[in-house]
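Open the model in your viewer and keep the selection panel at hand. We will move from stop to stop.

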Amino acid sequence: MENNENKSVDRRDFLKFGVLTAATALGSTNKAFATGKDSSGGVPNNLKPPVQKYLAKKYDNLLGDGLSGISDNQLKAHFGLYEKYVANINDIEAKLKIIDPNNPDTLSYRGLHVEQSFNLNGVILHELYFGNLGGGSKEPKGLLKKMIERDYGNPLNFLNHLKGVGKVMRGWSMAALNYRTGRIGIYGLDQHNQLVPSLVFPILVLDVYEHAYMVDFGTDRKKYLETFVSNINWKVVQDRLELALTMPYGEHITA
Ligand SMILES: [Fe+2]
């Protein structure tokens, strides 16, 4: 069954989208890491330096005529919330750096770690959400379309699942490549850091917190879900899927 299902998404698709090339590049990086031949304390020189601080991204492209049915007032209020998460995670990580893990104040140490994942995911999920809105392709194409058809039959059914999860969750509905199965799963989160699945790569993220739609839609979440779907940037979703596939999926992932 699985072999038949995979026939439509075969090696030619991966070559077509340059995924194998990217996977090879990733393999080279891992190899360099394993050799440890470098002059920077064990970290290979060819690795990109890590990001030291979160900087809020700008999504001005969504303002004006960027989106259909979602107002600038709604978006600006939402941008402000996202920027608060960016400030919070920087603050939390700075505080965690100076705490002695051998002798912490237990309550504040625990509190900071609870807030760490909440605010970190508040940044990441909002960037994925704003990033997959506006412009680009208006429908799934290529490998993305084939994988949606394989896993959900057709794009309409896929979106019905995404919206269905969006109706019942308090925070998020998201489609993500599951690295254990290689399928596109749809997952629901009640908060940024609650019910988050492991080893999945989000490709399409839908914010269903009231703050995402209250200004424009009041309590009419159903109308907001339809408006969100009409504004999906499928090119971004496709790019994320191709990036996700540069890491091979399968049973080895939990070895
Ligand atoms: Fe939000």
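The tour below covers a metal site and then two helix contacts. This is a predicted model.

**Stop 1: the iron ion**

Select the iron ion and show its donors. They are His78 (NE2), His126 (NE2), Asp207 (OD) and His211 (NE2), at 1.9 to 2.1 Å. The angles among the four donor atoms run from 89 to 132°, and the site is tetrahedral. For reference, ideal angles for four tetrahedral donors are 109.5 degrees. Along the sequence, the donor residues follow the spacing H-x47-H-x80-D-x3-H.

Now colour the helices behind two of these donors. His78 sits in helix α4 (residues 72-97) and His126 in helix α5 (residues 106-131), so this pair ties together parts 48 residues apart in sequence. Are these two histidines, His78 and His126, buried or exposed? Both His78 and His126 are buried.

**Stop 2: α6 against α10**

Select residues 142-152 for helix α6 and 234-244 for helix α10. Their axes come within 8 Å and cross at roughly 80°. That makes α6 roughly perpendicular to α10. Show side chains: Leu143, Leu144, Met147 and Ile148 of α6 meet Trp234, Val237, Gln238 and Leu241 of α10. Seven residues of this contact are nonpolar, one is polar and none is charged.

**Stop 3: α6 against α7**

Keep α6 and add helix α7, residues 155-168. The axes of α6 and α7 come within 8 Å and cross at roughly 70°. Here too α6 is roughly perpendicular to its partner, α7. From α6, pick Ile148, Glu149 and Tyr152; from α7, pick Pro155, Asn157, Phe158 and His161. These residues make the contact. By class, four are nonpolar, two polar and one charged.

Notes. Residues numbered from 1 in each chain as written. Heavy atoms only, no water. Donors = N, O, S within 2.8 Å, 3.2 Å for Na, K, Ca; no water. Tetrahedral: all angles 85-135°; square planar, octahedral: opposite > 155°, others 65-115°. Helix = DSSP H or I, 4+ residues; strand = E, 2+ residues; numbered from the N terminus. Buried < 20%, exposed > 50% of the residue type's maximum accessible area, 1.4 Å probe, protein only. Axes fitted to C-alpha atoms, helices over the stretch in contact; angles between N-to-C directions. Parallel < 35°, antiparallel > 145°, perpendicular 65-115°, else oblique. Contact = heavy atoms within 4.5 Å. Nonpolar A, V, L, I, M, F, W, Y, C, P; charged D, E, K, R; others polar.
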